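User: I should like to understand how descriptive terms are justified for a protein model. Please take me through the reasoning step by step.

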Amino acid sequence: MNAIAHLSADQAQQEIVDEFAFFGDWTERYQYLIDLGKQLPEFPDDLKIEDYRVHGCQSMVWLVPSGNADKLHFQATSDSAIVSGLIALVLRVYSDRSARDIVATDPRFIEAIGLAKHLSPTRSNGLAAMLAKIKAYAAAMLKA
């Protein structure tokens, strides 16, 4: 994921759209999501604490911010394979960006790849909660 950090958030989103366009059906797309989730960096067990938990997700999700307003980095993990894949996509778009860019970036890739129509309501709620938490961390950095 850090290898693509040089891309803008818009470029990262376009890459995601292009990658998902390669797959013909949602069975393949879900498998790709699962594969992306398996590539997430190791997440330390000592960070799996309530302070970092994302509420609103059916599965367990932890999101840890670090950095400052110029460059916010996020680590995240989930106990769900598909949600881990969603995390991988979200981190590609939002991690290692300025707080200003994070707040200004709408997650258009979700609609563009058809995720909005193919996620269960609980996963959609979880994804929305994760995005809201990322944007809240960024907004707090701008006020600091």
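User: Why is serine 59 called buried?

Analyst: In this predicted model, serine 59 has a relative accessible area of 14%. Buried means under 20%, and therefore serine 59 is classed as buried.

User: Where is serine 59 found, and which residues is serine 59 in contact with, leaving aside its neighbours within four places in sequence?

Analyst: Serine 59 lies in the loop between H2 and strand E1 (61-68). With those neighbours left aside, its contacts are Ser78, Asp79, Ser80 and Val83.

User: What makes H1 oblique to H2?

Analyst: The axes of helix H1 (residues 9-21) and helix H2 (residues 26-38) cross at roughly 130 degrees and come within 10 Å. Angles over 145 degrees count as roughly antiparallel and those from 65 to 115 as roughly perpendicular. The crossing angle of roughly 130 degrees fits neither class, so H1 is oblique to H2.

User: Which residues make that contact, and how many of them are nonpolar, polar or charged?

Analyst: H1 contributes Glu19, Phe20 and Ala21, while H2 contributes Arg29, Tyr32 and Leu33. By class, four are nonpolar, two are charged and none is polar.

User: What is the average pLDDT of the protein, and over which residues does pLDDT stay under 50?

Analyst: The average pLDDT is 93, and 97% of the residues score at least 70. Over residues 1-5, however, pLDDT stays under 50. For residues 1-5 the model has twelve contacts beyond four places in sequence. Where pLDDT is low, the predicted coordinates should not be read in detail.

Technical notes. Residues are numbered from 1 along each chain as its sequence is written. This is a predicted model: local features need pLDDT of at least 70, side-chain atom pairs count only at pLDDT 80 or more; totals for chains, interfaces and linings use all residues. Side-chain values use heavy atoms; hydrogens and water are left out. Axes are lines fitted to C-alpha atoms, for helices over the stretch in contact, and angles run from 0 to 180 degrees between N-to-C directions. Helices (H or I, at least four residues) and strands (E, at least two) are DSSP runs, numbered from the N terminus. Angles under 35 degrees count as roughly parallel, over 145 as roughly antiparallel, 65 to 115 as roughly perpendicular and the rest as oblique. Contact means heavy atoms within 4.5 Å. Ala, Val, Leu, Ile, Met, Phe, Trp, Tyr, Cys and Pro count as nonpolar, Asp, Glu, Lys and Arg as charged, and the others, Gly among them, as polar. Buried means under 20% relative accessible area, exposed over 50%, partly exposed in between (1.4 Å probe, protein chains only). pLDDT is the predictor's confidence in each residue, from 0 to 100.
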